[in-house]
Amino acid sequence: MTENMQIFGNTCLRICSVFGIQCMAIIGGSSIIGGIEVHKAAILSGVAAVAQVLQRLAIAFADDGVLTKAELDAAFSGSTVVEDRSAT
């Protein structure tokens with residue numbers, strides 16, 4: 001498998017992970033609040049989390065037309081700025 005396909009597969013799995021993490025976080029909270037069905041709250045929360053990651057990826061791609069591994073990692077860590085770690 002080529003490196004690009006490995007990166008694509010890893011990114012898809014990470015997006016699924018973000019969805020799952022956010023869903024699990026909301027399930028407990030939605031059971032406390034009345035009037036919200038648990039599955040609807042979980043889906044909405046997961047979709048919102050994935051949308052935030054995709055937005056960060058789009059911003060990084062729009063900057064120079066290339067997504068680096070550092071930019072991918074920054075998008076999943078909640079940052080849009082790629083740190084230069086070579087100085088440390």
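The following exchange between a trainee and a mentor concerns a predicted model.

Trainee: How many helices and strands does the chain have?
Mentor: From the N terminus on, the elements of this predicted chain run α-α-α. The count is therefore three helices and zero strands.

Trainee: At what angle do the axes of helix H2 and helix H3 cross?
Mentor: Two packed helices are described by the angle between their axes and the distance between the axes. Here H2 covers residues 38-64 and H3 covers residues 69-77. Their axes come within 8 Å, and the crossing angle is roughly 150°.

Trainee: Is H2 roughly parallel or roughly antiparallel to H3?
Mentor: The axes cross at roughly 150°. Angles over 145 degrees count as roughly antiparallel. H2 is therefore, relative to H3, roughly antiparallel.

Trainee: Is the crossing of H2 and H3 left-handed or right-handed, and which residues make the contact?
Mentor: The crossing of these two helices is right-handed. On the H2 side the contact is made by Val-53, Arg-56, Leu-57, Ala-60 and Asp-64. On the H3 side the residues are Glu-71, Leu-72, Ala-75 and Phe-76.

Trainee: How do the residues of the contact of H2 with H3 divide into nonpolar, polar and charged?
Mentor: Val-53 and Leu-57 of H2 are among the residues of this contact, as are Leu-72 and Phe-76 of H3. The residues of the contact divide into six nonpolar, no polar and three charged.

Trainee: Which residues are buried in H3?
Mentor: A residue counts as buried under 20% relative accessible area. Leu-72, found in helix H3, has 9% relative accessibility and so counts as buried. The buried residues in H3 are Glu-71, Leu-72, Ala-74, Ala-75 and Phe-76.

Trainee: Leaving aside neighbours within four places in sequence, with which residues is Leu-72 in contact?
Mentor: One of the partners is Ile-7, which lies 65 residues from Leu-72 in sequence and 9.3 Å from it in space, C-alpha to C-alpha. Another is Thr-11, found in helix H1 (residues 3-32). The full set is Ile-7, Thr-11, Arg-14, Leu-57 and Leu-67.

Trainee: Is Thr-11 buried or exposed, and with which residues is Thr-11 in contact beyond four places in sequence?
Mentor: Thr-11 has a relative accessible area of 12% and is therefore buried. Leaving aside neighbours within four places in sequence, its contacts are Leu-57, Leu-72 and Phe-76.

Trainee: How many disulfides are found in the whole structure?
Mentor: A disulfide requires two cysteine sulfur atoms within 2.5 Å. For Cys-16, the nearest cysteine sulfur is that of Cys-12, 6.9 Å away, and Cys-16 is in no disulfide. The number found by a search of the whole structure is zero.

Trainee: Which of Cys-16 and Cys-23 is buried?
Mentor: Cys-16 has 53% relative accessibility and so counts as exposed. A relative accessible area of 8% makes the other residue buried, namely Cys-23.

Trainee: What is the separation of the C-alpha atoms of Val-38 and Ile-26?
Mentor: Val-38 is found in helix H2 and is partly exposed, with a relative accessible area of 35%. Val-38 and Ile-26 are twelve residues apart along the chain, and their C-alpha atoms are separated by 8.2 Å.

Trainee: Which residue follows H3, and what is its phi?
Mentor: The residue that follows H3 is Gly-78. Its phi is positive, near 95°.

Trainee: What percentage of the residues in the chain is buried?
Mentor: The chain has 88 residues. Buried residues make up 23%.

Terms used. Residues numbered from 1 in each chain as written. Predicted model: local features only at pLDDT ≥ 70, side-chain atom pairs only at ≥ 80, totals over all residues. Heavy atoms only, no water. Axes fitted to C-alpha atoms, helices over the stretch in contact; angles between N-to-C directions. Helix = DSSP H or I, 4+ residues; strand = E, 2+ residues; numbered from the N terminus. Parallel < 35°, antiparallel > 145°, perpendicular 65-115°, else oblique. Left-handed = near helix turned anticlockwise from the far one by under 90°. Contact = heavy atoms within 4.5 Å. Nonpolar A, V, L, I, M, F, W, Y, C, P; charged D, E, K, R; others polar. Buried < 20%, exposed > 50% of the residue type's maximum accessible area, 1.4 Å probe, protein only.
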